[in-house]
Amino acid sequence: MTDRLYTLDSKLLEFDATIVRVDQAGENSAVVLDRSAFYPTGGGQPFDQGTLNEHRVTDVQASDDGGEVLHILDGPVDWQPGIAVRGCVDGNRRRDHRQQHSGQHILTQAFSETSGRETTSFHMGQSTSTIDLDGLVDRGAMDAAERRANEIVFEDRAVHTHVVTPDELPRFPSLRQSFTGSSIRVIEVDGFDQSTCGGTHVQRTGEIGLIAVLGAERIKKTSRVEFVCGTRALDALHQAHDVSQQAARALTTSPDSVVQQLRRLQESLKSQQKRIKQLFGEVSDKLAADLRSEARSHGEGLAVVRVLEGLNRDEAQLLAAKLCQEPGLIALLGVQDGLEARLLFQRHAKLVSPAMGELMKRVLTRLEGRGGGSPTAAQGILANHEQLNAALETAFQELSS
Ligand SMILES: [Zn+2]
């Protein structure tokens, strides 16, 4: 059994211990000590980092039976059982974990108190943490729980750790969790919450700092609530502030008016797009007439063969439809829309052949493009713009042969 020093003193960061065993785990070493302040991953909380005699501890795990703490080091070490080592736990990471984990206890009880929702699991992530609740919560319920949780922080209540035997449990009438074993650890937020837990916690609620509920994701009939505490809440505030400042500068307005300004821009964009479409409708009659005048004979009729510069896909489609109102005409068009090089083949509705989809497939096979279509209209995409002219010429030769 490793004596877990953090269970009674979660602020202890430096300790002396004796080596019990060193196992080789592939390239790494797993070191077992008689006592340790390192927290191993468990209960939703990640492991502590730090050093053992200047060797970096990259992972900490509990053994399968839970009795031993395994300190994983990069590479081999020639440490023998019985020698002394000095352990140092990374204080910033420990403080962050104490803030998130203690914040979770308070938020869990705050949801229970304000909306009757109970926590079924907890996960501490790298940037944010989550609790799963046994029902749905809306923003109002989240605000109420968040307000209550922060009241408990601002009151700077004491957080007590009790290690007790099962027959002492009646002293803790509000304990929610089930428990096993002869020794049970109870974390008590004075006058507010009693939970059995093996993690690392603060000694007073004021150390947690702000508890911010960021939002909730619905999972069937339950909710996954995302939150940050302490330093992470400060980081989240700065990040949100930076984004709103940058957005305001880009829109040359104040942060308060960003959303209003974006809506105005969206409206303006929509009406401009509508106007462009309308104007193109007017211009396209003249364009179609010009293109028809340069139509080439393929033996059995006329074809317009042309790469259209400066038009997008929708405009090219409109133009193809307009061209093919002319009896007997076939349109073989190319267009560069964004990064896409696109082919559009279309024929007059009353022509019985050739099939545009078949023609497109024959052209694309030679150029390794993709696409297809119906007997009257087909579309294809080529790897690059330079292939458009060659593809149209191939299609025209196919028509002529
Ligand atoms: Zn806990």
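Q: Before we look at hairpins, when do two strands count as a pair here?
A: Two strands are taken as paired if DSSP finds at least two bridges between them. Please keep in mind throughout that this is a predicted model.

Q: OK, so what sits between β2 and β3?
A: Two residues lie between β2 and β3 in a hairpin, and G26 in that turn has a positive phi of about 65°. Strand β2 pairs with β3, which covers residues 28-33, in the antiparallel sense over six bridges, and one of the facing positions is Q24, which stands opposite S29 in β3.

Q: Does β2 have another partner, and which strand is it?
A: Strand β8, residues 84-89, also pairs with β2, again in the antiparallel sense, and five bridges connect the two. Within that pairing, D16 has R86 of β8 as its bridge partner.

Q: Is β2 covered or in the open?
A: Strand β2, which spans residues 14-25, has one buried residue out of 12, so it lies largely in the open. The cut-off behind that statement is that a residue counts as buried if 20 or more other C-beta atoms lie within 10 Å of its own.

Q: Let's zoom out. What about the radius of gyration of the chain?
A: The chain has a radius of gyration of 35 Å, whereas a compact globule of 401 residues would have one near 21 Å. Along the principal axes, the C-alpha atoms fill a box of roughly 100 × 55 × 40 Å, and 33% of the 401 residues count as buried.

Q: And which domains are assigned?
A: The domain assignment gives domain 1 (3-89), domain 2 (94-245) and domain 3 (284-400). The centres of domain 1 and domain 3, taken over C-alpha atoms, are separated by 71 Å.

Q: How many helices and strands does the chain have?
A: There are seven helices and 21 strands in the chain. As for how contacts are spread along the sequence, among those between residues at least 6 apart, 58% join residues at least 24 apart.

Q: Now the sheet with β9 in it, what's the strand order?
A: The order is β9-β10-β15-β14, in an open sheet of four strands with antiparallel pairing. Strands β9 (119-124) and β14 (211-219) stand at the edges, each with a single partner strand, so one side of each has no neighbour in the sheet. From one strand to the next, the twist averages 20°.

Q: How many bridges hold β14 to β15?
A: Eight bridges join β14 to β15 (residues 222-229), and the two strands run antiparallel; A212, for instance, has V228 of β15 as its bridge partner.

Q: What lies across β14 and β15?
A: Helix α2 lies across both strands, running at about 150° to β14. Helix α3, residues 231-250, lies across β14 and β15 as well, and runs at about 90° to β15.

Q: I was eyeing E146. Buried or exposed?
A: E146 is buried, since 22 other C-beta atoms lie within 10 Å. This residue belongs to helix α2, residues 139-154.

Q: Which residues does E146 touch?
A: Leaving out residues up to four places away in sequence, E146 touches I211 and V213. The C-alpha atoms of E146 and L214 are 9.8 Å apart in space, although the two residues are 68 apart in sequence.

Q: Switching again, which strands are at the edges of the β11-β12-β13 sheet?
A: That open sheet has three strands in the order β11-β12-β13, paired antiparallel. Strands β11 (159-164) and β13 (193-196) stand at its edges, each with a single partner strand, so each has one side without a neighbour in the sheet.

Q: Last topic: what runs parallel to β17?
A: Strand β18 (residues 330-337) runs parallel to β17, and six bridges join them, with V304 standing opposite A331 in β18. Strand β17, helix α5 (residues 313-323) and β18 together make a right-handed β-α-β unit.

Q: And how does β16 run relative to β17?
A: Strand β16, residues 296-297, runs antiparallel to β17 and is joined to it by two bridges, where R296 stands opposite A303. The two strands form a hairpin with four residues between them, and G299 in the turn has a positive phi of about 105°.

Q: How many residues of β17 are buried?
A: Five of the seven residues of β17 (residues 302-308) are buried, which leaves the strand mostly covered.

Key: Residues are numbered from 1 along each chain as its sequence is written. This is a predicted model: local features need pLDDT of at least 70, side-chain atom pairs count only at pLDDT 80 or more; totals for chains, interfaces and linings use all residues. A crossover is right-handed if, with the strands pointing away from the viewer, the path from the first strand over the helix to the second runs clockwise. Domain bounds come from an automatic or database domain assignment. Two residues are in contact if their C-beta atoms, placed from the backbone, lie within 7 Å. The radius of gyration is taken over C-alpha atoms; the globule rule is 2.2 Å times the number of residues to the power 0.38. Axes are lines fitted to C-alpha atoms, for helices over the stretch in contact, and angles run from 0 to 180 degrees between N-to-C directions.
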